[in-house]
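Biologist: Please pick one part of this model and take me through it slowly, with the cut-offs as you go. I'd like to know what holds it and what sits around it.

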Amino acid sequence: MSVAIPEQAVAALVAAERVVILTGAGVSAGSGVPTFRESQTGDWQQYDPRDLATPQGFMRNSRLVWEWYTWRRKLMERAKPNLAHYALVDMEQAIPEFLLITQNIDGLHWAAGSRDMIEMHGNIARTKCFDEGIPVDSWEETGEIPPHCPHCGGNLRPDVVWFGEGISTNVLNQAGTAIKKSDVFLCIGTAAMAAPAASFPLLAKRNAARIIEINPEQTASTMMADWSIRGTCAEVVPELVRRMGIPPIALESAGG
Ligand SMILES: [Zn+2]
């Protein structure tokens with residue numbers, strides 16, 4: 001393993017009582033999860049993302065949107081957590097106040113064993129009612145696409161955050177409170193370009209947190225980072241956890 005991790009970054013994490021982690025597509029990449037754009041192959045290439053992932057697109061053609069998410073679930077169904085996911089489970093166990101905020105909708109952090117976490121953009125495996133906004137676990141399969149809500153008869157939709165949709169106030173408050181108190185804020189596998197995540201590094205910085213970025217490439221957050229570690233998440237995160245002296249329990253159970 002030839003990942004250059006600055007000693008001071010390790011020391012800052014070891015000393016930290018409160019750590020907030022923001023993860024994005026770079027963490028899922030190691031599990032072979034295709035991004036939204038990467039999933040637009042074959043017939044799906046012809047559609048604008050606004051047709052596939054906005055409330056307006058759903059109102060125009062709810063069948064198309066439902067089928068798009070059926071396709072994306074199929075692309076993700078064989079994906080398993082990678083070493084970056086498991087290393088973050090071990091980190092959670094070692095840090096007194098820990099919060100993982102993910103922009104990923106694939107559920108892999110939870111599958112690996114992370115529990116102090118927020119799925120900020122929802123979870124593709126979950127379903128909710130378009131009209132009521134409430135989670136729906138089961139419904140009658142009548143062959144209709146999309147299926148209908150057992151409570152109100154409205155259309156069901158995936159429980160993910162679409163373009164142009166806001167993040168719930170509860171979620172934003174929980175994230176904001178944790179970021180303001182954090183000693184170290186880690187940006188892992190995300191450029192943190194999309195709102196509201198784009199404001200998180202600045203919020204952390206203003207409240208005197210040290211910022212560590214893990215990404216193969218330079219990102220918009222690099223200039224705010226105290227330390228930028230270049231490499232894939234699956235390479236860097238397990239090595240970082242090892243350097244912190246954290247018992248690699250989840251990592252070893254995963255064969256890492
Ligand atoms: Zn309903």
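Modeller: Let's take the zinc site, then the strands and a helix elsewhere in the chain.
Bear in mind that this is a predicted model, where local features need pLDDT of at least 70 and side-chain atom pairs count only at pLDDT 80 or more, while totals for chains, interfaces and linings use all residues. Residues are numbered from 1 along each chain as its sequence is written, and side-chain values use heavy atoms, with hydrogens and water left out.

The zinc ion has Cys 129 (SG), Glu 132 (OE), Cys 149 (SG) and Cys 152 (SG) as its protein donors, 1.8 to 2.3 Å away. Donors here are N, O and S atoms within 2.8 Å of the metal (3.2 Å for Na, K and Ca), and since water is not among the atoms, sites may look incomplete. Read along the sequence, the spacing is C-x2-E-x16-C-x2-C. Angles among the four donor atoms run from 102 to 117°, so the site is tetrahedral (four donors, all angles between 85 and 135 degrees). Two of the cysteines are worth checking for burial: Cys 149 is buried at 4% relative accessible area, whereas Cys 152, at 39%, is partly exposed. Buried means under 20%, exposed over 50%, and partly exposed in between, with a 1.4 Å probe and protein chains only.

Now for the strands. Strand 4 covers residues 122-129 and runs antiparallel to strand 5, with five bridges joining them; one of the paired positions is Thr 127, whose partner in strand 5 is Pro 158. Strands are DSSP runs of E, at least two residues, and helices are runs of H or I, at least four, numbered from the N terminus; two strands pair if DSSP finds at least two bridges between them. Strand 5 (residues 156-160) has five of its five residues buried, so the rest of the structure largely encloses it.

There is also an open sheet of six strands, ordered 3-2-1-6-7-8 with parallel pairing. Strand 3 (117-119) and strand 8 (227-229) are its edges, each with a single partner, so one side of each has no neighbour in the sheet. Strand 3 is joined to strand 2 (residues 97-102) by three bridges, and Leu 100 has Met 117 as its bridge partner there.

Last, helix 9 (residues 169-181) buries Ala 175, Gly 176, Ala 178 and Ile 179. Their cover includes strands 1, 2, 3 and 6 and helix 10, where contact means heavy atoms within 4.5 Å.

Conventions
Tetrahedral: all angles 85-135°; square planar, octahedral: opposite > 155°, others 65-115°.
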